[in-house]
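Please work through the following exercises with the sequence and the coordinates at hand. Each task is followed by a solution that proceeds step by step.

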Amino acid sequence: MTQTAMITGASRRLGLYLCEHLLAQGWRVHAITREASEDLLRLQSERLFIHTLGNYDARAIDRCIAEFRQHSHRLDLLVNNASIYENDSGLMSQGVTFYEALTFVHMTMPALLVSALISELSEAQGNIVSITDIYADNPNPEYSLYCSTKAGLQNLTLGFAKKFAPKVRANCIQPGPIKFLPSHDDAHQQQVLSETLLASEGGFAPVLQTLTFILNNTYLTGTCIKVDGGRSLVRG
C-alpha cells in the first residue's frame, strides 16, 4: 500500500527536500505551502498534490483538508515543518500582527491539521513529526518571539504523543545549523561553526535520516531529537 505524507512549508529548503525524497521513495505527498515555488512545481508527479494556502487562516486550512480528502483516506505521516524565522529587531513594532503570524504557522496550523486529520492518522497508525529548533529549549534572545512559538509547537507535539497513543506516535526533530540562509554572511557562519562541536554545516540529509529513524522505530514517541552537530552543548 502506498504511504501518504503531508508536509507543511513544502516550497523550499527542508520541506522541499523532504518532498523530493519521499516522492523518490514511492510515497504519495501532500505539499502545503503559502505559494508554490518553481522548485516544488518541478517535482510534478501523479503522487504529488500541492495545496496553496494563500493566506494564513483557518479557512485556508479547511480548504486544504477538503482537497486532501478528495485524494487520500489515510495519513501515514504529518510533518509540521512550516516556519517563519525572523529576528525580533524591527519586528517588535509590528506587534500583535507579526506574533499572530508566528503563532498561526508554528502552533495553530499544526493543531488544526492534527485535530481534523486524527482519524486518518489513527487509521494508518501514523506519525506526527514536528520540526522545532534547539532554541525551543534554550532561546536566543534576538529571536525571542520565534523561539517562544517553536517551544509551543514542541509542547503541543508532546501533548499529541500523550493524547493519541498508542495509535499515533508524535515526536520532534530539533535542527541546529543544518543550512545557512543567503543572508548569513561569512562572519556569522564562522561564529556559528565555532560554537558547534561538529564544525560544519549539516545539510538537510541528517534531518531526513532522523525522520527515517523515527518512522522505523515503532517504540518511539514523545521524544525530541537534536540534529545540531553538538551546538546546543556549546552555546550558553
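The exercises below concern a predicted model, and they pass from the whole chain to individual residues.

**Exercise 1. The chain as a whole**

Task: Determine how many helices and strands the chain has, and compare its radius of gyration with the globule rule.

Solution.
Step 1. The secondary structure comprises 8 helices and 7 strands.
Step 2. The radius of gyration is 17 Å, and the globule rule gives 18 Å for 236 residues. The two values are close, so the chain is as compact as a globular protein of that length.
Step 3. Along the principal axes, the C-alpha trace spans about 50 × 40 × 35 Å.
Step 4. Buried residues make up 47% of the 236 in the chain. The exposed surface of the chain comes to about 11,500 Å², of which carbon and sulfur atoms supply 50%.
Step 5. Consider the contacts between residues at least 6 apart in sequence: 68% of them join residues at least 24 apart.

**Exercise 2. A residue of the first-numbered strand**

Task: Establish whether Thr 4 is buried or exposed, and identify the side chain with which its own side chain makes a polar contact.

Solution.
Step 1. Thr 4 belongs to strand S1, which covers residues 4-8.
Step 2. The relative accessibility of Thr 4 is 0%. The limit for a buried residue is under 20%, and Thr 4 therefore counts as buried.
Step 3. Leaving aside residues up to four places away in sequence, Thr 4 touches Trp 27, Arg 28, His 30, Phe 68, Ser 72, Arg 74, Leu 75, Asp 76 and Leu 77.
Step 4. One of these neighbours, Arg 28, makes a side-chain to side-chain polar contact with Thr 4 at 3.2 Å.
Step 5. Thr 4 and Ala 187 are separated by 183 residues in sequence, and their C-alpha atoms lie 42 Å apart in space.

**Exercise 3. Salt bridges**

Task: State how many salt bridges the whole structure holds, and find which residues are joined into one network.

Solution.
Step 1. A search of the whole structure yields 7 salt bridges. As a general principle, side chains of opposite charge can pair when their charged atoms come close.
Step 2. Arg 42 forms a salt bridge with Glu 38, at an N to O distance of 3.6 Å. Arg 42 also forms one with Asp 39, at 2.3 Å.
Step 3. Arg 42 is exposed, at 59% relative accessible area, and Glu 38 is likewise classed as exposed, at 57%. Asp 39, at 41%, is partly exposed.
Step 4. A further salt bridge links Asp 137 and Lys 226, with an N to O distance of 3.4 Å. Asp 137 lies in the loop between strand S5 (127-131) and helix H5 (144-164), whereas Lys 226 is in strand S7 (residues 224-227), so the pair ties together parts that are 89 residues apart in sequence.
Step 5. Lys 226 is partly exposed, with a relative accessible area of 38%.
Step 6. Through shared partners, salt bridges join Glu 38, Asp 39 and Arg 42 into one network.

**Exercise 4. A loop residue and its neighbours**

Task: Describe the surroundings of Asp 137, and state which residues it touches.

Solution.
Step 1. Asp 137 is placed in the loop between S5 and H5. Its relative accessibility is 45%, so Asp 137 counts as partly exposed.
Step 2. Beyond residues up to four places away in sequence, Asp 137 touches Gln 154, Gln 174 and Lys 226.
Step 3. The side chains of Asp 137 and Gln 154 are joined by a polar contact of 3.0 Å.
Step 4. Cys 147 is 10 residues from Asp 137 along the chain, and the C-alpha atoms of the two are separated by 8.5 Å.

**Exercise 5. An arginine in a helix**

Task: Decide whether Arg 231 is buried or exposed, and name the partner of its side chain in a polar contact.

Solution.
Step 1. Arg 231 is found in helix H8, which covers residues 231-234.
Step 2. The relative accessibility of Arg 231 is 8%, so this residue counts as buried.
Step 3. Apart from residues up to four places away in sequence, Arg 231 touches Ile 134, Tyr 135, Pro 177, Val 192, Glu 195, Thr 196 and Leu 197.
Step 4. The partner is Glu 195: its side chain and that of Arg 231 are joined by a polar contact of 2.9 Å.

Conventions:
Residues are numbered from 1 along each chain as its sequence is written. This is a predicted model: local features need pLDDT of at least 70, side-chain atom pairs count only at pLDDT 80 or more; totals for chains, interfaces and linings use all residues. Side-chain values use heavy atoms; hydrogens and water are left out. Helices (H or I, at least four residues) and strands (E, at least two) are DSSP runs, numbered from the N terminus. Buried means under 20% relative accessible area, exposed over 50%, partly exposed in between (1.4 Å probe, protein chains only). A polar contact is a pair of N or O atoms within 3.5 Å; within protein, one must be able to donate a hydrogen and the other to accept it, and residues adjacent in sequence count only if both atoms are side-chain atoms. Contact means heavy atoms within 4.5 Å. A salt bridge is a side-chain nitrogen of Lys or Arg within 4 Å of a carboxyl oxygen of Asp or Glu. The radius of gyration is taken over C-alpha atoms; the globule rule is 2.2 Å times the number of residues to the power 0.38. Accessible areas come from the Shrake-Rupley method with a 1.4 Å probe; for residues, only the protein chains shown count as cover.
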